[in-house]
Amino acid sequence: MVTNPFSRVGPPQIRLSETRIRFANALELAECGLLPLIAERNSGLGKQKQESSRLIYEWKVRAGLSKCLELQDKEWFQLALNAKQHDVEAAVIELLTNSEEADRIHTKVSPPFKTLNESTSVYTRTTVNILRTLSRALSNADTADESTISDFEESLKEWGGTQHHGTLHKAIGQTLSWISRANRIQETAIKSGRLCPMGTPTEHGRNLQAFMQGFFKNTLQPKISSLSRGLKSLERQWSVLPLTLISHDELIDALLRLPTGTRNELSLAIKLHVDQWQLLLQGCNLAPRAETTNSKKPSRSS
């Protein structure tokens with residue numbers, strides 16, 4: 001059994017601002033309909049909301065503040081508005097990386113899909129509505145209506161049920177583990193020159209071509225390609241979020257709970273693996289590149 005060469009990392013440490021609007025100032029917000037929300041936010045109960053509810057709540061406060069045009073010139077109001085913008089984004093990141101849904105999508109018990117390609121397809125579809133809602137929250141849009149919020153909650157449940165982040169995490173770890181070992185074996189074979197001394201294939205050297213046309217082409221290459229497509233699809237989807245508190249690469253690593261640089265390490269390992277097969281085949285005069293260049297490589301992200 002191939003083991004995972006790394007452990008999961010914790011979520012990014014981005015906290016809510018804990019900004020409080022004083023009662024006297026909160027009274028000025030009464031005409032904007034924010035007094036009940038502000039009172040709830042300042043209560044102990046308001047601090048303990050589930051992550052998705054917390055996001056909707058912070059979104060409502062920020063959207064309400066944006067409508068209080070008559071208070072725009074007050075310093076306390078601008079501070080509160082800026083703090084709420086921070087809190088909406090912090091709540092988004094917390095929901096995606098440190099919530100019940102974020103834990104459930106990393107579950108690896110009885111994965112719901114037989115292949116990574118199927119998992120990627122369903123995940124891509126279930127993420128569309130989540131991204132649409134989160135993008136609205138981050139772009140100063142009005143708060144979503146109850147129907148949209150209900151659909152958002154249902155999408156989160158379906159999203160978590162895909163277990164796609166756990167599937168990708170496991171696939172990345174296992175692929176990086178076996179391909180790193182394979183690369184060391186390849187390097188030893190290249191340096192020894194025993195497979196094809198002076199370009200003349202030995203029996204083991206002639207077996208290279210059969211291996212490349214058989215096991216590599218039919219078993220290894222499809223797995224590498226599937227993993228690469230899954231990673232690229234996930235990276236592309238989440239790139240639309242206008243985040244400022246963390247970078248896109250940091251978000252992807254946090255979603256997959258990967259140590260920084262793991263995806264780039266995998267990309268380089270796959271490239272080296274393909275390059276070394278080409279060197280071995282070329283050294284044996286066995287049509288290099290023919291069976292090794294169709295694998296899709298992950299984008300080089302740190």
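Q163 is buried, with a relative accessible area of 11%. In this predicted model, Q163 sits in the loop that links α7 to α8. Its backbone is worth a look too: phi of Q163 is near 55°, a positive value in a residue other than glycine.

Another loop residue makes a good companion. R257 belongs to the loop between α10 and α11, and phi of R257 is likewise near 55°, a positive value for a non-glycine residue. R257 counts as buried, because its relative accessibility is 13% and the cut-off for burial is under 20%.

Q163 also leads us to R104, since R104 touches Q163 along with L156, K157, G160 and G161, leaving out residues up to four places away in sequence. R104 is found in helix α5, which covers residues 100-104. With a relative accessible area of 32%, R104 is partly exposed. The C-alpha atoms of R104 and G166 are 8.7 Å apart, although their positions lie 62 residues apart along the chain.

Further along is A189, a residue of helix α8. Its relative accessibility of 19% means that A189 counts as buried, as the limit is under 20%. Beyond its neighbours within four places in sequence, A189 is in contact with R194, L195 and L280. Of these partners, L280 is 91 residues from A189 along the chain, with 8.0 Å between the two C-alpha atoms.

Here are the four residues side by side.

| Residue | Place | Relative accessible area |
|---|---|---|
| Q163 | loop between α7 and α8 | 11%, buried |
| R257 | loop between α10 and α11 | 13%, buried |
| A189 | helix α8 | 19%, buried |
| R104 | helix α5 | 32%, partly exposed |

Now for the whole chain. What kinds of elements does the protein chain have, helices or strands? There are 11 helices and zero strands, so the pattern read along the sequence is α-α-α-α-α-α-α-α-α-α-α. Of the 302 residues, 45% count as buried. Among contacts with a separation of 6 or more, 78% join residues 24 or more positions apart.

Helix α3 is a handy place to see how helices pack here. Take its meeting with α4: the two axes are 9 Å apart and the packing angle is about 155°. That makes α3 roughly antiparallel to α4, because the angle is over 145 degrees. The crossing of α3 past α4 is left-handed. On the α3 side, the residues in contact include L55, W59, V61 and L65, and on the α4 side they include F77, L81, V88 and L95. By class, the contact of α3 with α4 divides into 11 nonpolar, three polar and seven charged residues.

Helix α3 (residues 51-66) also meets helix α7 (residues 146-161), where the axes come within 11 Å and cross at roughly 150°. The pair is therefore roughly antiparallel. This crossing is right-handed. S52, S53, L55, I56 and K60 of α3 make the contact with E146, I149, F152, E153 and L156 of α7. Five nonpolar, two polar and three charged residues take part in the contact of α3 with α7.

L55 appears in the contact with α4 and in the contact with α7, and it turns up once more in the core. In soluble globular proteins, nonpolar side chains tend to be buried together. In this model, the largest nonpolar core has 46 residues, and L55, L96, L134, W238 and L241 are those with the most contacts inside it. Elements that give two or more residues to this core are α3, α4 (75-97), α6 (116-138), α7, α8 (164-192), α9 (203-238), α10 (248-256) and α11 (262-283).

Which residues does W238 touch, not counting residues up to four places away in sequence? The partners of W238 are L96, Y123, T127, I130, L131, L134, W159, H248, L251, I252 and L255. Two of these, L96 and L134, are also named among the residues with the most contacts inside the largest core.

Apart from the largest core lies another, of 12 residues, among them Y57, V61, L65 and C68. V61 and L65 also belong to the α3 side of the contact with α4.

Key: Residues are numbered from 1 along each chain as its sequence is written. This is a predicted model: local features need pLDDT of at least 70, side-chain atom pairs count only at pLDDT 80 or more; totals for chains, interfaces and linings use all residues. Side-chain values use heavy atoms; hydrogens and water are left out. Axes are lines fitted to C-alpha atoms, for helices over the stretch in contact, and angles run from 0 to 180 degrees between N-to-C directions. Helices (H or I, at least four residues) and strands (E, at least two) are DSSP runs, numbered from the N terminus. Angles under 35 degrees count as roughly parallel, over 145 as roughly antiparallel, 65 to 115 as roughly perpendicular and the rest as oblique. A crossing is left-handed if the near helix is turned anticlockwise from the far one by less than a right angle, and right-handed if clockwise. Contact means heavy atoms within 4.5 Å. Ala, Val, Leu, Ile, Met, Phe, Trp, Tyr, Cys and Pro count as nonpolar, Asp, Glu, Lys and Arg as charged, and the others, Gly among them, as polar. A nonpolar core is a set of buried Ala, Val, Leu, Ile, Met, Phe, Trp, Tyr and Cys residues joined through side-chain atoms within 4.5 Å. Buried means under 20% relative accessible area, exposed over 50%, partly exposed in between (1.4 Å probe, protein chains only).
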